[in-house]
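Open the model in your viewer and keep the sequence panel visible. The stops below say what to select and what is there.

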Amino acid sequence: MESKCSHFWIGLGVGSILGAIVYRCCKTSKAQQLKNKVAHALHVATDQVEDFADTARDKVLETGTKVADKVADKTFDVAEKADEMKNKVHNFADNVKK
């Protein structure tokens, strides 16, 4: 148990030292320039993703309306054929009754 406790304190000390060094390095002008470049790149990427999402949404809506129109046309054709079949059956039944 004593070994694990000492490993913890050594890790905590090394981590604190490395954290202080990284914090100190992040305050330099080159680090600030890098941070600004990364922020700008993320902003540009976000704009591009938003444009892509808008374009994709428009295409999906357009495709959806085209599919709905085709389904409606086919359904109308089937309904017409069903109506014709119904009329034929009624005419046949009327002829048989006579």
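**The whole chain**

Show all charged side chains: the chain has 16 positive and 14 negative charges, and their mean positions are 9 Å apart. Lys and Arg count as positive and Asp and Glu as negative, with His and the chain ends not counted. Each charge is placed at NZ of Lys, CZ of Arg, CG of Asp or CD of Glu.

This is a predicted model, in which local features need pLDDT of at least 70 and side-chain atom pairs count only at pLDDT 80 or more, while totals for chains, interfaces and linings use all residues. Residues are numbered from 1 along each chain as its sequence is written, and side-chain values use heavy atoms, leaving out hydrogens and water.

Colour by secondary structure next. The chain has two helices and zero strands; helices (H or I, at least four residues) and strands (E, at least two) are DSSP runs, numbered from the N terminus.

Zoom out to see the outline. The C-alpha trace spans about 105 × 45 × 5 Å along its principal axes. The radius of gyration is 37 Å, where a compact globule of 98 residues would have one near 13 Å. That radius is taken over C-alpha atoms, and the globule rule is 2.2 Å times the number of residues to the power 0.38.

Turn on the surface. About 9200 Å² of the chain is accessible, and carbon and sulfur atoms account for 66% of this area; the method is Shrake-Rupley with a 1.4 Å probe, and for residues only the protein chains shown count as cover. How many of the 98 residues count as buried? The share is 0%, where buried means under 20% relative accessible area, exposed over 50%, and partly exposed in between (1.4 Å probe, protein chains only).

**Along helix H2**

Select Ser29 and Asp94. They are 65 residues apart in sequence, and their C-alpha atoms are 96 Å apart in space. Asp94 lies in helix H2 and is partly exposed because its relative accessible area is 39%.

**Three salt bridges**

The structure holds three salt bridges, each a side-chain nitrogen of Lys or Arg within 4 Å of a carboxyl oxygen of Asp or Glu.

- Select Arg57 and Asp58: they form a salt bridge, with 3.8 Å between the closest N and O atoms. Arg57 has 47% relative accessibility, so it counts as partly exposed; Asp58, at 42%, is partly exposed too.
- Move to Glu62 and Lys66, a salt bridge whose closest N and O atoms are 3.4 Å apart. Both residues lie in helix H2, four residues apart, about one turn of the helix. Glu62 is partly exposed at 45% relative accessibility, and Lys66 is partly exposed at 49%.
- Go on to Asp83 and Lys86, a salt bridge with its closest N and O atoms 3.4 Å apart. About one helical turn separates them, because they are three residues apart in helix H2. Asp83 is partly exposed at 38%, as is Lys86 at 43%.

**A negative patch**

Which residues gather in a patch of negative charge on the surface? Select Asp69, Asp73, Asp77, Glu80 and Glu84. Patches are made of residues with over 30% relative accessible area and no salt bridge; like charges are joined within 9 Å, and nonpolar side chains (Val, Leu, Ile, Met, Phe, Trp, Tyr) within 5 Å.

Finish on Asp77, which sits in helix H2 (residues 29-97). Its relative accessibility is 34%, so Asp77 counts as partly exposed.
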